[in-house]
Amino acid sequence: MTRAVIRHNQDWANEEFEDPATVEFNKRFRNPNKPEGEIPNLPYNLDELSDADLMSLYAEFMAWLSYAKAELVKAEISEERQANNCRVLEAEVLIGQWSDGAKGDTVTLAKARRDTNPRVVAQQEQHLNSRAYRKLVESVFDRCERGAQLMSRELSRRIGLSPKESRTARFLP
């Protein structure tokens, strides 16, 4: 009988470990720095802001949007890594527990034993934490994106009004 042995790479379970894709990315690009302060709030009346204030607020939102997107991608990578670690560890435990004494076990019972293994439970918890963090970062990204889109529409509206106001002003005393 041949027995498959899966070696779990413990370095990938360590959050400080950078996967090869991240190392390669960092050779060519730089992630944006976290903007100072907090994510700005959108004023209720964007049309009351001066053009300079609107552009300044738009630039702030774009900085936060870039930062949030970079954090979202890192969170997605971490979540996927944790999911993979979970699958590998579950397979290891399932194979490891299937000894000669457990041959009479049903697959359902073997999986139940695997799912209650403390190492598997701990890895599943890490995966759930990574998923929760990714979802929270995604909500920040969505909020920044909606704010930037709203300001972009206001800027476009102002640009559309500008030529009309200039033409009308030529004929007024």
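The following paragraphs describe the nonpolar core, the aromatic and charged side chains, and two glutamates of a predicted model.

Local features were accepted only at pLDDT of at least 70 and side-chain atom pairs only at pLDDT 80 or more, whereas totals for chains, interfaces and linings use all residues. Residues are numbered from 1 along each chain as its sequence is written, and side-chain values rest on heavy atoms, with hydrogens and water left out.

The largest nonpolar core, a term that denotes a set of buried Ala, Val, Leu, Ile, Met, Phe, Trp, Tyr and Cys residues joined through side-chain atoms within 4.5 Å, has 16 residues, and those with the most contacts inside it are Phe61 and Met151. Two or more residues of this core come from each of the elements α3 and α5 (118-171), where helices are DSSP runs (H or I, at least four residues) numbered from the N terminus; α3 gives the most, with eight residues. Once neighbours within four places in sequence are left aside, Met151 is in contact (heavy atoms within 4.5 Å) with Leu42, Leu46, Leu54, Leu57, Tyr58 and Phe61.

Two aromatic pairs are present in the structure, a pair being assigned when the ring centres of Phe, Tyr or Trp (its six-membered ring) lie within 6.5 Å, with planes under 30 degrees apart counted as stacked, over 60 as edge-to-face and the rest as tilted. The rings of Phe25 and Phe29 have centres 5.1 Å apart and planes at 25°, and the pair is therefore stacked. With buried defined as under 20% relative accessible area, exposed as over 50% and partly exposed as in between (1.4 Å probe, protein chains only), Phe25 counts as partly exposed at 33%, while Phe29 counts as exposed at 51%. The pair formed by Trp64 and Tyr67 is edge-to-face, at 6.0 Å centre to centre and 85° between the planes; both residues lie in helix α3, three residues apart, about one turn of the helix, and both are buried. In addition, the charged end of Lys69 sits over the ring of Phe141, 5.1 Å from its centre, the criterion being NZ of Lys or CZ of Arg within 6 Å of the ring centre and within 35 degrees of the ring normal.

Glu71, placed in helix α3 (residues 51-97), is buried because its relative accessible area is 16%, and beyond four places in sequence Glu71 touches Tyr133 and Val137. Glu90, which also lies in helix α3, is likewise buried, with a relative accessible area of 16%. Its contacts, with residues up to four places away not counted, are Arg114, Val120 and Gln124, and the C-alpha atoms of Glu90 and Arg119, 29 residues apart along the chain, are separated by 8.9 Å.
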